[in-house]
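Grab your viewer and a pencil: here are a few exercises on reading a fold. Try each one before peeking at the worked solution.

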Amino acid sequence: MTANSGSMRILGIDPGLRITGYGVIDVIGGKQKYVASGVIKTASDDSLPNRLHTLFKGLQELADLYKPHVAVVEIVFVNVNPQSTLLLGQARGAVLTSLVQSGLAVKEYTALQIKQSIVGHGKAKKEQVQEMVKRLLSLPACPTADAADALAAALTHAQTNPLIQALAAKDLPVSMVKTRVRKGRTSWG
């Protein structure tokens, strides 16, 4: 499967220090097909460097196994507890570094953008995301919350990528493409 032949494999990541969700989909002729999903767990009693290493190696193994064309990582925001925000940022850094080290292009979307794309509104609950991922990928059951978030990130890129490719084909800079959510509607600009 090659990205140039109209098909693409996308690895979606929902980063977390304790549990990092992943989801792999194929996009063939504009249709999304489920490949795999799951989680990478770290031991909470392990040292921070070892936990980050577990994430780094786990993502390298996924990249080697599934050979995606692109990785999509959810941009996470935690504002309540500064220590949690710092730890999550370090986990996210390990995730991003591992994906880049594996030679993957990395795209990023906020949780708001992903929920807007998958459910239709940015304040969707985890159960709503899980149910929509199940429906969009014709799964027999809902994936776990972390795996569903990762699959939702991959699906968001699958829906956004054709627009980016169309702009690039017209020699417009892809960096112009950003999503904005205004009054419950997604606009591209």
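The exercises below go from the sheet to one strand, then to the helices and the confidence of this predicted model.

**Exercise 1.** Work out which strands sit at the edges of the sheet.

*Solution.* Start with the strand order: the open sheet of five strands reads β3-β2-β1-β4-β5, with mixed pairing. Next, look for strands that pair on one side only: these are β3 (31-41) and β5 (105-110). While you're there, the twist from one strand to the next averages 20°.

**Exercise 2.** Find the pairing sense of β1 with β2 and of β1 with β4.

*Solution.* Take β2 first. β1 (residues 7-14) and β2 (residues 19-28) run antiparallel over eight bridges, and the two make a hairpin with four residues between them. To check the register, I13 is opposite Y22, and D14 has G21 as its bridge partner. Now turn to β4: here β1 pairs in the parallel sense over four bridges, with L11 opposite A71.

**Exercise 3.** Sort the residues of β1 by the way they point, and decide whether they are buried or exposed.

*Solution.* S7, R9, L11 and I13 point one way, while M8, I10, G12 and D14 point the other way. Then check burial, with the cut-off at under 20% relative accessible area: eight of the eight residues in β1 are buried.

**Exercise 4.** Place helices α2 and α3 on the sheet.

*Solution.* α2 (residues 82-101) lies across β1, β4 (70-75) and β5, at about 170° to β4. α3 (residues 111-118) lies across β4 and β5, at about 80° to β5.

**Exercise 5.** Locate a stretch with pLDDT below 50.

*Solution.* The chain averages 85, and 81% of the residues score at least 70. Residues 174-189 fall below 50, and this stretch has 28 contacts in the model beyond near neighbours in sequence.

Methods. Residues are numbered from 1 along each chain as its sequence is written. This is a predicted model: local features need pLDDT of at least 70, side-chain atom pairs count only at pLDDT 80 or more; totals for chains, interfaces and linings use all residues. Side-chain values use heavy atoms; hydrogens and water are left out. Two strands pair if DSSP finds at least two bridges between them. Axes are lines fitted to C-alpha atoms, for helices over the stretch in contact, and angles run from 0 to 180 degrees between N-to-C directions. Contact means heavy atoms within 4.5 Å. pLDDT is the predictor's confidence in each residue, from 0 to 100. Buried means under 20% relative accessible area, exposed over 50%, partly exposed in between (1.4 Å probe, protein chains only).
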